[in-house]
Amino acid sequence: MESIVLRYLYVNNKGEQNSREVEPMQLLFKHRFWYLFAYCRLKNDFRMFKLSRIHHLQMTSDKFEPKVIPSGTEYTTHLAETILVTLHLSPKASYRVYDEFKPSDIHQEVDGSYTVSATFPIGSWLEDYLFTFSDLLLDVQPMDLKQKLHEKAAIMTRQLLDK
């Protein structure tokens, strides 16, 4: 099987769009989204690309020899670093609960709220993701994650009140 370079427009997490040529390595489904793990020729490094941010995908005529991912890199360690998180969500979150979590992760409580236990990557992405639930998030465990959310919310509140 030949390894062919892909070209596409990519929108990064800052909303910036640029053209990328990549040597695809693997498709990954992680944390409810599909990603392309590839060697990016623009950045001269391995990168993860969320499929929903890829536009105008083209196969080029360029071929490549697949690279070996050095062990201990950000990507090999990042994929292994996860945490089990328990969320208590409002009944109004039902559309997100069923869209974003596996049925085996979901328990509906007598009051209509949801308890969800799922594995997530460790890091600021998780905290930012949890903030997207806004007032639908009633509680979160483990306690150190709850504390990080509290600290970030306090900083955000101070910043917004200062403006």
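A salt bridge is a side-chain nitrogen of Lys or Arg within 4 Å of a carboxyl oxygen of Asp or Glu. With that in hand, the charged pairs make a good way into this structure, which is a predicted model. A search of the whole structure finds 11 salt bridges. One of them joins Glu21 to Arg7, with the closest N and O atoms 2.8 Å apart. This pair links distant parts of the chain, since Glu21 belongs to strand 2 (residues 17–30) and Arg7 to strand 1 (residues 4–11), 14 residues apart. Neither partner is hidden from the surface: Glu21 is partly exposed at 22% relative accessibility, and Arg7 is partly exposed at 30%.

Strand 2 also takes part in a salt bridge between the side chains of Arg41 and Glu23, where the N to O distance is 3.1 Å. Here too, distant parts of the chain are linked: Arg41 sits in the loop between strand 3 (33–40) and strand 4, while Glu23 is in strand 2, 18 residues apart. The two partners differ in their surroundings. Arg41 is partly exposed, with 30% relative accessibility, whereas Glu23 has a relative accessible area of 5% and is therefore buried, the limit for that class being under 20%.

A further salt bridge is found between Asp128 and Lys152, whose closest N and O atoms are 3.4 Å apart. This one ties helix 3, which holds Asp128, to helix 4, which holds Lys152, across 24 residues of the chain. Asp128 is partly exposed at 45% relative accessibility, and Lys152 is partly exposed at 28%. Elsewhere, salt bridges that share partners join Arg7, Glu21, Glu23, Arg41, Asp62 and Lys67 into one network. Both pairs described for strand 2 thus have their residues in this network.

Turning to the interior, the largest nonpolar core has 20 residues, and those with the most contacts inside it are Leu87, Leu89, Phe101, Val116 and Leu130. At least two residues of this core come from each of strand 6 (82–89), strand 8 (114–121), helix 3 (124–131), strand 9 (137–141) and helix 4 (143–162). Strand 8 gives the most, with 4 residues. Val116 offers a helpful view of the packing: leaving aside its neighbours within four places in sequence, Val116 is in contact with Val85, Thr86, Leu87, Leu89, Val97, Phe101, Asp105 and Ile106. A second, separate core of 9 residues includes Tyr10, Val22, Cys40 and Ile54.

Ile106, one of the contacts of Val116, is placed in strand 7 (residues 106–108). With a relative accessibility of 16%, Ile106 counts as buried. Beyond its neighbours within four places in sequence, Ile106 is in contact with Val97, Tyr98, Phe101, Tyr114, Thr115 and Val116. Ile106 and Val140 are 34 residues apart in sequence, and their C-alpha atoms are 14 Å apart in space.

On the surface, Leu27, Phe29, Trp34 and Leu51 form a nonpolar patch with about 420 Å² of accessible area together. Leu51 lies in the loop between strand 4 and strand 5 (54–63) and is partly exposed, at 33% relative accessibility. Strand 4 itself (residues 45–50) contains Arg47, another partly exposed residue, with a relative accessible area of 23%. The side chain of Arg47 makes a polar contact of 3.1 Å with the side chain of Asp45. Between the C-alpha atoms of Arg47 and Pro24, which are 23 residues apart along the chain, the separation is 9.8 Å.

Some features of the backbone complete the description. Most residues other than glycine have a negative phi, and most peptide bonds are trans. Against this background, Asn44 has a positive phi of about 50 degrees although it is not a glycine. Asn44 occupies the loop between strand 3 and strand 4 and is exposed, with a relative accessible area of 55%. Ser134, likewise not a glycine, has a positive phi of about 50 degrees. Ser134 is in the loop between helix 3 and strand 9, and its relative accessible area of 53% makes it exposed. The peptide bond from Gln141 to Pro142 is cis, with omega near 15 degrees. Pro142 belongs to the loop between strand 9 and helix 4.

Definitions and conventions:
Residues are numbered from 1 along each chain as its sequence is written. This is a predicted model: local features need pLDDT of at least 70, side-chain atom pairs count only at pLDDT 80 or more; totals for chains, interfaces and linings use all residues. Side-chain values use heavy atoms; hydrogens and water are left out. A nonpolar core is a set of buried Ala, Val, Leu, Ile, Met, Phe, Trp, Tyr and Cys residues joined through side-chain atoms within 4.5 Å. Buried means under 20% relative accessible area, exposed over 50%, partly exposed in between (1.4 Å probe, protein chains only). Contact means heavy atoms within 4.5 Å. A polar contact is a pair of N or O atoms within 3.5 Å; within protein, one must be able to donate a hydrogen and the other to accept it, and residues adjacent in sequence count only if both atoms are side-chain atoms. Patches are made of residues with over 30% relative accessible area and no salt bridge: like charges are joined within 9 Å, nonpolar side chains (Val, Leu, Ile, Met, Phe, Trp, Tyr) within 5 Å. Accessible areas come from the Shrake-Rupley method with a 1.4 Å probe; for residues, only the protein chains shown count as cover.
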